[in-house]
Amino acid sequence: MSIVRKITLGYVILIFIPVVVFGYYYYSQIYGNLTNQFVQSRQKILEQAHANMKMDLTRIDSIQRMLQYNPYVTDYLNGVYESDSHSIYAYNRYISPVITQSLFINPEIESFRIYKTKQRVLPITDRFLDMSSLDPRGQEAARTLKPGQGIWMLTDPGAAAPSLMFYQNIYNSDFTEKIGLLELRVGSSLIGKLYEAAGGRDNWQAFLLPEQGVPPAEGAPAGIDKATWKLLGSKDARPYFINNKTIVNQLYIEELDVRVVVTGKVDDVFRTIKRKEIILVFTIIALLAVLSFVYYALASTITKRILLLARHMRNLDDDNMKQFISKHDKPNRLDEIGFLTSTYNSMIRRMDELINNVHRSELRNKEAAYKVLQAQIKPHFLYNTLETIRMLAESNNDKEVADISFWFGKLMRYSLSSEGDRTVLAREIETVVFYLNIHKMRLQHRLTYEIDVAMDAEQLDCPRFMLQPLVENSIVHGASAILRPVHIKLQVRETGDEIRISITDNGTGIQEDKLLAIRSRLARGGDNRAAAENGGGVGLFNVSERIKSFFGGSSQLVIDSEQDRGTCLSIIISKEGTGPT
């Protein structure tokens, strides 16, 4: 019998079948019942949390009734007061205390506004606003309101704990005309309170879902498998169920037209009943200990050779290519391990040959690189030539030629210097100034620029040529593409969390579809050849990748542009990763 068959047969007969049968029976009879009882108790907790939330919502929306039956509020919104002074007096004397008391009683309210329908009513601070200033979502909600009824809405259904908005109309004293719309914004603390009361803490999580269906699988919260997520989106209206060891309790909240879902793991339930697990744990441990000892005695004769081979593999490196030789693996022993050992020795011989070939290839590459360096033109000749041109231009009183020779010489020294790929931000800005001066000499009044640095640029290390491609982008697609004057601004700002370097121009901007494509490539990363094949952006792509590699963390290149209005290229350097790699 082969080694694999011996190991498989021994494991199945001596360990797998007894442990699985015993564990499954015991678990099914005991812990299944306990889990169901636990889920039912959590459902009652969820229902109680919902009842508490309904009380909170009723307490908050009762503000509308208090305002509706307050004659000063209805008179104010109805335009009874003839002058601004009377309106202000009524607001300060009678209405403002009511609003202040409502906010004090309901600390969850973050915003309190009344949108008036009549133009002659005086708007005061941010409490009484014109109906025209209501956002589109609020206007849509106002159109669906029925007399005497309010509506609760989630401001951001996708948030972990969204805020709430409440809308309800205010009528005149005869209830014949709408004179205002009450808007209350309630912070996320109310939903957070619901999650807390429903048990959404520790290893349990709570979230909201629509009444029917769920978002795509990519939007599933962490820890929820696809099968459970699919069940949540089905038409199965069970208030609780267990799937793949995931406990789910859910309850429909009619006021918000959403479901609150609380999920947890069955294993977390077991942690609360440790005393009942002791018998099972000790029984399984004892059974596994006995069976493992028997299995070890059976398998040790087989695994000894494998362990020796594994030990030899761990000690293998470039300087130790010694083949494995064991007294248990003689040439005439042709079982599975013997075949593995023979193949392993052949692999070592081949690796030794390949390593020697690699070393020889490296030597040849170094020699070729040395010859290439020898063949390069000495940059000093170029520097001296440019300096000669500059001196000759100054002697001829040709200041423009002298300046452009000086700036170009500085750029060439910076480009051809062998100081590596690292510099400081101050040198980068200085190089950009030289570059802008050359183009300003060419474009004259069509190009102006501004440098605004609000930090010590000498203290920030950065990769070389990080800014020049961005400035070049602003000139090529900005100043050089149009006839009107273009202004380029380089601004550096430092906050507690990040350093932001912005290069802004008022040029032609970027078309929306091209801007989306460039942003997608920058976020995706990868091979910059794809950027060249799909519409350019190679320079921006290279700068983005160098920023991410050099600064690490969440550092990135951000592009904002509007066609015919200009472009802003922002380098955001996160201080959590400013240690360059």
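This passage looks at a loop glycine, a nonpolar surface patch and a helical threonine in a predicted model.

A good place to start is G187, which sits in the loop that links β5 (178-186) and α5 (189-197). Despite its loop setting, G187 has a relative accessibility of 2% and therefore counts as buried, since the cut-off for that label is under 20%. Leaving aside residues up to four places away in sequence, the contacts of G187 are with E108, E110 and S163. A further point of reference for this glycine is T155: the two residues are 32 positions apart along the chain, and their C-alpha atoms are separated by 9.7 Å.

The surface offers another picture. Helix α1, which covers residues 3-68, includes Y24. With a relative accessible area of 60%, Y24 is exposed, because that label applies over 50%. Y24 also takes part in a nonpolar surface patch of about 840 Å². Its partners in this patch are L9, Y11, V12, I13, F16, I17, V20 and V21.

Helix α9, made of residues 336-375, brings the view back to a buried position, T341. The relative accessibility of T341 is 5%, so this threonine falls in the buried class. For T341, the residue to compare is R305, which lies 36 residues away along the chain. Between the C-alpha atoms of T341 and R305 the separation is 9.6 Å.

Taken together, G187 in its loop is buried, as is T341 in helix α9, whereas Y24 in helix α1 is exposed.

Technical notes: Residues are numbered from 1 along each chain as its sequence is written. This is a predicted model: local features need pLDDT of at least 70, side-chain atom pairs count only at pLDDT 80 or more; totals for chains, interfaces and linings use all residues. Side-chain values use heavy atoms; hydrogens and water are left out. Helices (H or I, at least four residues) and strands (E, at least two) are DSSP runs, numbered from the N terminus. Buried means under 20% relative accessible area, exposed over 50%, partly exposed in between (1.4 Å probe, protein chains only). Contact means heavy atoms within 4.5 Å. Patches are made of residues with over 30% relative accessible area and no salt bridge: like charges are joined within 9 Å, nonpolar side chains (Val, Leu, Ile, Met, Phe, Trp, Tyr) within 5 Å. Accessible areas come from the Shrake-Rupley method with a 1.4 Å probe; for residues, only the protein chains shown count as cover. A salt bridge is a side-chain nitrogen of Lys or Arg within 4 Å of a carboxyl oxygen of Asp or Glu.
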